[in-house]
Amino acid sequence: MPQRLGPKLLNFASEIDVNTVEQANLAASMPFVHPHVSLMPDAHLGKGSAVGTVIPTKGAVIPAAVGVDIGCGMVAAKTRFTERDLAARFGGEYAQELPTLRRLVEDAIPPSPGNYNKKLQRFPFTAKKHDELLELQADLDVDLSHSPKWMQQLGSLGGGNHFIELCVDNNDNVWLFLHSGSRGVGNKIAQRHINIALQQCSGDPLIKVPNRDLAFLNEGTPEFDRYIRDLKWAQRFAYLNRAEMMDRFIHVFASWLGVQPQRVETERINCHHNYTAPTRLDGETCG
């Protein structure tokens, strides 16, 4: 059962520090939070709002709480191979071959902030994702003039806590795993709307915000609608960015093993953890 730490704050973590609780209570104090803020098991201190927090809102959205890496999340692909298969492929030992795999991965997926793809046509599966995002951009009328190289960013990892891993589960199954989001283009979209929210809240004497990173946009305004449209595009970019990187990871993993790429993957999970979406709570629509 969750622990109640404030009038509108529930805690699902077995361990939580005081600063994180204070930060979450500030978010929970916003009048449009409904019905309560929830701290997840991984909750910890963040910028403006605690990381690992679910903040349902009614009639408003907090861009900084959604985050600057819109749509950040993880993707994992289960392979048909086991660790025993890897050992057999390389004569009983595969650890010394992992640096080769790493070089192949880093060649296929640009790591680190600011690194983009030099070519858009290197992989045959990339164009379909570009086309989907171009169509969605047109449908939502998303202004991407701030990020002229967003197409080169698709399929790049970024920095910070983004990573790529080769994993083995408790049943000896080999998984391919990575963590990333919407890259520079998502950051530019987020920063634009965070600044708009700050301007609107600071320009209204009737609005009291306990923390500048809790500045919000009211539903029913052009600014709110614009943010939601841009957010939808950025979240899709982040999802397809992870999908593109996983497709590339599978491609080079297959090359490393000496098998066809279509023989590698048996299951895939791709999900956000930095996002917002309409939902129904207590019979009411919340975000």
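What follows looks at how helix α7 packs against helix α8, and at the pocket and cavity that α7 helps to line. The model is predicted, so to speak on paper only: local features need pLDDT of at least 70, side-chain atom pairs count only at pLDDT 80 or more, and totals for chains, interfaces and linings use all residues. Residues are numbered from 1 along each chain as its sequence is written, and side-chain values use heavy atoms, with hydrogens and water left out.Start with the helix pair. Helices and strands here are DSSP runs numbered from the N terminus (H or I over at least four residues for helices, E over at least two for strands). Helix α7 covers residues 183-202 and helix α8 residues 222-257, and their axes sit 10 Å apart at an angle of about 160°. Axes are lines fitted to C-alpha atoms, for helices over the stretch in contact, with angles running from 0 to 180 degrees between N-to-C directions. That angle makes α7 roughly antiparallel to α8 (under 35 degrees is roughly parallel, over 145 roughly antiparallel, 65 to 115 roughly perpendicular, and the rest oblique). The crossing is left-handed, meaning that the near helix is turned anticlockwise from the far one by less than a right angle.

On the α7 side, the contact (heavy atoms within 4.5 Å) involves Arg 183, Val 185, Gly 186, Ile 189, Arg 192, His 193, Ile 196 and Gln 200. Helix α8 answers with Glu 223, Arg 226, Tyr 227, Asp 230, Trp 233, Ala 234, Phe 237 and Asn 241. By class, that gives seven nonpolar, four polar and five charged residues; Ala, Val, Leu, Ile, Met, Phe, Trp, Tyr, Cys and Pro count as nonpolar, Asp, Glu, Lys and Arg as charged, and the others, Gly among them, as polar.

Now for the empty space. On a 1 Å grid over the protein atoms alone, a pocket is an open set of points with protein on both sides within 12 Å along at least five of seven lines, a cavity is a set where a 1.4 Å probe fits but cannot get out, and lining residues have an atom within 4 Å of a point. Points are joined across faces, edges and corners, and a volume is the space filled by probe spheres set on them.

The largest pocket holds about 1,400 Å³. Of its 47 lining residues, Ala 65, Val 66, His 273, Asn 274 and Tyr 275 are the closest to the centre. Helix α7 gives the most to this lining, with seven residues, and the lining splits into 20 nonpolar, 21 polar and six charged.

There is one cavity of 30 Å³ or more, and the largest cavity comes to about 40 Å³. Its lining is Pro 63, Ala 64, Ile 194, Ala 197, Leu 198, Arg 212, Asp 213 and Ala 215, with α7 again giving the most, at three residues. Six of these residues are nonpolar, none polar and two charged.
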